[in-house]
Amino acid sequence: MALLIALGLLLSIILLYCVYSKWMFQHWARKGVPQLNPRLFFGDTLPLVRGQALRDFHLGLYQNFKSTGAKCVGIYNTHKPELVPIDINLLKDILVKDYSSFSSHGVFYHENNVLTSHVFNMEGQPWKDRRTKLTPIFTSAKMKQMFDTVASKSPGLVRLVGLSADANKPADIKEILSRFTTDVISGAAFGLECKSLYEPDNMLRSIGKEAFEPNALKLYIEYLFHRKFLGTIGYQTFSSRIVSYFTKVVNETIQYREKNNVQRNDFMQLMLQLKQHGSLMKEDGSVDVKKTETYLTDQEILSECFVIFLAGHETSSSTSTFTLFALSQHQDIQEKVRNEINEVLERHDGKLCYDAVMEMEYLDKVIRESLRKYPTVPVIPRRCTKDYKIKNTNTVIDKGTRLYIPVIGVHLDPEYYPDPERFDPERFSPENKATRPDIAWMPFGEGPRQCLGMRFGMLQSKVALASLLHKFRFTLSKAMKPPFIADAGTLVYMFKQDVLLDATRVN
Ligand code: HEM
């Protein structure tokens, strides 16, 4: 009897859910927004569940609906309505002009879950305050100060590629560049002498890999339940191995530096200045800006070190990987960029210094074009934080709705980039840039939530590429065969297959 009652109850719940979903699936139609054909329990996510990469899903969506002239398209994740803006003016309103209505990434975080409580995940006033505190540590002047920390890792990078070149073996370039950025970021974020370029099984490299592996169950839990509830029950996003290792490393670094008054040119140093003085210091030791309430606590330093590590290494290594992949297929462009690197280095007595890197204008265009064609973050999340009426329509986006900014769709849109599959760095000449809206290039996002580490990301990619292209010519290995399909198992865009390049010494 009890079993029958339980069964009846379960069936009633499922039935109620079906009726509720059916009603929800008309959400966008009721608002006059075009939508797909959602299925019970999955909404429109069935292709993703079956293994389609997020990049491909959103590219298809953008291209299909752009041709209909739609401003945006409504989708459903399970039964929940979400929105993908397509119109370039609407994208600009959401990211820049009316950003205050979309100031959240909609990602889970909780104060009890220390590694999640950082600037990328935070929202509202706490995010604003944290962003204000951190912005001064990412200026051009600070990047210049940190240059040597970045460049000190390039000999290890060149050595590793040289080993493959001398053995006539293809270089697994993504893996090598990920080790490079792991070493750079851990040196720059917490002054650690990480040597993953020399030790493949290095702990930070393995933590970096683990932290980036999407865990479908955890993603669903964080999607379905309220963040305050998860925080209260002690839910943790990352494994205890990651939490305890990071907490130990960062806390020990803070204590060691404070006790021994250690000064280094890295993010940790700048964050410690904020902790101690509430402001950054000038080189002569005086306070850089008027004292304001910008103190950082030890816990905040820990969270921010983690996001610098997380946001900074896979994105940058994928950027350099895609650039070398593209150059391997365009030897003329590769030759041109190598000539520029050689000329600039000659002017600087062969030394790869900050000023030399800044003079490499063609390299800059090449990386920008690579980030256009292969944006490492192909879709950027946003959450609507107050009801928003789309201009010149009657459609209101309700508070709480998630949005996906289709970076990949815009970057491959022939309206902004004719013949979009062609790799052409000249798209980034001043004349060509002037022919399209600024927002048509947004690999780092746009507006007040734009990537904080953009300068550092570009800098470490330039150092890696200049060091490698100065020494080696790259061609696509025979082992790498098309089609080059996006991997559905990573959060940052990368191919399913390894990126294998043949490197030959040139100097
Ligand atoms: C080529 C490399 C990189 C790419 C393509 C990239 C891309 C992005 C994107 C798309 C966002 C979201 C922007 C938005 O919502 O509008 C973002 C945010 C962020 N990135 Fe990067 N990133 C890179 C490197 C870095 C590095 C090296 C760091 C740290 C040193 C970093 C730190 C951050 C932080 C802290 C945020 C959150 C900003 C906020 O929400 O206020 N990124 N990045």
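Start with the ligand in this predicted model. Select the residues around the ligand: there are 28. His105, Trp127, Arg131, Arg382 and Cys451 come nearest. By type, the shell divides into 13 nonpolar, eleven polar and four charged residues.

**The iron**

Zoom in on the iron atom of the ligand. Which protein atom is its donor? Select Cys451: its SG atom is the single donor from the protein, 2.3 Å away. Now trace the chain on either side. Cys451 sits in the loop between helix H20 (430-433) and helix H21 (454-471).

**Polar neighbours**

Next, show the oxygen atoms of the ligand. Pick Trp127: an N or O atom in its side chain is 2.9 Å from a ligand oxygen. Move to Arg131, where an N or O atom of the side chain is 2.7 Å from an oxygen atom of the ligand. Then pick Arg449, which has a polar side-chain atom 3.0 Å from a ligand oxygen. Colour the elements that give two or more residues to the shell: helix H6 (124-134), H15, strand S4 (380-383) and H21. H15 provides the largest share, six residues.

**Along H15**

Stay with H15 and select residues 298-328. Add helix H10, residues 203-212. The two helices pack at an angle of about 90°, with their axes 10 Å apart. H10 is therefore roughly perpendicular to H15.

Show the side chains where they meet. On H10, select Leu204, Arg205, Ile207, Gly208, Ala211 and Phe212. On H15, their partners are Phe309, Leu310, His313 and Glu314. This contact divides into six nonpolar, two polar and two charged residues.

How values were computed
Residues numbered from 1 in each chain as written. Predicted model: local features only at pLDDT ≥ 70, side-chain atom pairs only at ≥ 80, totals over all residues. Heavy atoms only, no water. Axes fitted to C-alpha atoms, helices over the stretch in contact; angles between N-to-C directions. Helix = DSSP H or I, 4+ residues; strand = E, 2+ residues; numbered from the N terminus. Parallel < 35°, antiparallel > 145°, perpendicular 65-115°, else oblique. Contact = heavy atoms within 4.5 Å. Nonpolar A, V, L, I, M, F, W, Y, C, P; charged D, E, K, R; others polar. Donors = N, O, S within 2.8 Å, 3.2 Å for Na, K, Ca; no water. Near = heavy atom within 4 Å. Polar contact = N/O pair within 3.5 Å; in protein donor to acceptor, adjacent residues only side chain to side chain.
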